[in-house]
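User: I would like to learn how to read cavities, sheets and helix packing in a model of this kind. Could we take the features one at a time, with the general idea before the case?

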Amino acid sequence: MQGLTAVALDLGSTAIKAGLLTREGMLTGIVSHPAPPVIGDGGCYESDALSYAEMADAVLAQCLAQTVERPPLGLCCQRSSFLLWERQSGKPVTPLISWQDERGVAACAELRGQEMHIRALTGLPLTPYYFAPKLRVLLQQNPKWRARLLSGEWLVGTLDTFLIWRWTHGAQYVTDASMAARTLLLDVGSVRWSPLLCELFGVPLQSLPQVLPSAGIGLALDNGLVLQASLGDQSAALLASLDAGRAQAMVNLGTGGFVVCPLSEGQAVLPGYLRTLVWQDGTGRSLFACEGTLNSIGVALAGYPAADCDPADLGCDDIYCLAEPSGLGAPYFRGDLGVCFSAPVAHLPAARIALLLQEAIIFRVARMLEELHSAFGIERAYLAGGLSNLLCLQQGIARCAPCAIHCLPQDEAGLHGAARLAAGAPQDGLRDAPALDAVRTGEALRRKYGLWQGWLDSMLEGGVR
């Protein structure tokens, strides 16, 4: 296989993927293997860190076996999953602690009075999804660990940091700006670790990895590759989807979901939305975005026959629903409002419940798109992620959204974005992504959407924050 500009590796929660980017901008030779399973037990969500690293090596090697070329490497990584490991041996001290892990709840409760300061520095809410609250709890439960981090005997980092450290035999202890920005320890204004945040969370600042730009990295790896780009999976997907300078948004629907719109210089985020550092180029310029989130929607749909639902049945009753098991994400941040229905559903068949859950996702996405359209004038939105293949979600969002909805031509948006960044062409965009031809017969879904908004508002006003 000849004529390649990059190879990309996507370190996902459920799958590890690699692919080759051709000079025509197409991904080819994609290899995918399941990631080691994440085991949940009493709010702890963990997987085998060493098995994950070995599988990532195997996937990358299998992909590269298709070519004699060694193009630059682009890496994209699940955000907030992390571990501790021994510097001398490289042996993990902890499992890979998933972003889904809930053990940081106690730390968030203890620091609730500091939330305004944390939000001002990070652009993020104080929630247990992120790295810092979970690490604070671990260090409180294991007081001797702090001394080992301070001495350099142990290291701590997100999954990208661990793999890059392994790939350089311990010579590089680094992360990129987009991954660091999801730890609750980075001042996103200066793109440096914040001494104040480190003190609040009880994390030794000197034990944290060096923060690099997301592009133009140029790290020589032991496998003969050069790491040119490294960033969070959401950031990579966004770079693959949108054209620079156009009023667009991306809707990514996977295990979790998000609706994100890039910000121009000086633009402020909408109230309640996240200010996300998407990536930082080699000159130190950072791209920010306004982001709304949907929590654990893949978990809500798991076990239901969502793929069997008929889009023609959308909006056919007056039962309203929320579909986020761990509580509503941005812009609401309501942990008390998980999966719930406006009427009893125990008597309904599983397919009917699957349809209601999908309607809840459709309506949350549509409402965020309306707010982004009003504030930033977005003209179109792109669907990505595994759940975006569900016909009900495609058609429902297209019917209710205030802008044109396009489906990306492939599911590998993260791979594509990481590869483009490694190749030096981060925002060519996927201009051939087809627009959805929404079936407009009948007003049932749009009528229900309007009623659902009133029901949600009453839930937000009546619940306890």
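Analyst: Let us begin with what counts as an element, since the reading of a cavity lining depends on it: helices and strands are DSSP runs, a helix having at least four residues and a strand at least two, and they are numbered from the N terminus. Please keep in mind throughout that this is a predicted model.

User: Which element gives the largest share of the lining of the largest cavity?

Analyst: That share belongs to β9, which contributes 3 residues. The elements giving two or more residues to this lining are β9 (154–158) and α7 (177–180). The cavity itself has a volume of about 60 Å³, and among the residues that line it are F131, V156, G157, T158, M179, A180 and W193. By class, the lining divides into 7 nonpolar, 5 polar and no charged residues.

User: How many cavities of 30 Å³ or more does the structure hold, and what lines the second largest?

Analyst: The structure holds 3 cavities of that volume or more. The second largest has a volume of about 50 Å³, and its lining includes G12, S13, A35, P36, Y52, Q78 and S98. In this lining there are 6 nonpolar, 6 polar and no charged residues.

User: Y52 brings me to helix packing; what should I read for α1 and α6, and at what angle do they pack?

Analyst: One reads the angle, the distance between the axes, the handedness and then the residues in contact. Helix α1 (residues 49–64) and helix α6 (residues 159–167) pack at about 65°, their axes being 11 Å apart, and their crossing is right-handed. On the α1 side the contact is made by A49, L50, Y52, A53, E54, A56 and D57, and on the α6 side by L159, F162, L163, R166 and W167. Sorted by class, this contact has 9 nonpolar, no polar and 3 charged residues. Y52 thus appears both in the contact of α1 with α6 and in the lining of the second largest cavity.

User: Now the sheets. In the sheet that contains β3 and β14, why is one side of each of these strands left without a neighbour?

Analyst: For an open sheet, one reads the strand order and then looks at its two ends. Here the 6 strands run in the order β3-β2-β1-β6-β15-β14, with mixed pairing. Because β3 (27–34) and β14 (215–220) stand at the edges, each with a single partner strand, one side of each has no neighbour in the sheet. On average, neighbouring strands of this sheet are turned by 25° against each other, direction ignored. At the β3 edge, strand β2 (residues 15–22) runs antiparallel to β3 and is joined to it by 6 bridges, and L20 has T28 in β3 as its bridge partner. Helix α13 (residues 413–423) packs on this sheet, touching β1 (4–11), β2, β3, β6, β14 and β15, with its direction at about 135° to that of β1.

User: What is the strand order of the open sheet that contains β18 and β23?

Analyst: That open sheet also has mixed pairing, and its 6 strands follow the order β18-β19-β17-β16-β22-β23. Its edges are β18 (274–280) and β23 (404–407), each with a single partner strand, so one side of each lacks a neighbour in the sheet. Neighbouring strands are turned by 30° against each other on average, direction ignored. β18 pairs with strand β19 (residues 286–294) in the antiparallel sense over 6 bridges, and F288 in β19 is the bridge partner of L277. Helix α12 (residues 391–400) lies across β16 (248–253), β22 (380–384) and β23, running at about 155° to β23.

Methods
Residues numbered from 1 in each chain as written. Predicted model: local features only at pLDDT ≥ 70, side-chain atom pairs only at ≥ 80, totals over all residues. Heavy atoms only, no water. Pairing = 2+ DSSP bridges. Axes fitted to C-alpha atoms, helices over the stretch in contact; angles between N-to-C directions. Contact = heavy atoms within 4.5 Å. Left-handed = near helix turned anticlockwise from the far one by under 90°. Nonpolar A, V, L, I, M, F, W, Y, C, P; charged D, E, K, R; others polar. 1 Å grid on protein atoms, 1.4 Å probe; cavity = no way out; pocket = protein on both sides within 12 Å on 5 of 7 lines; lining within 4 Å. Points joined across faces, edges and corners; volume = space filled by probe spheres on them.
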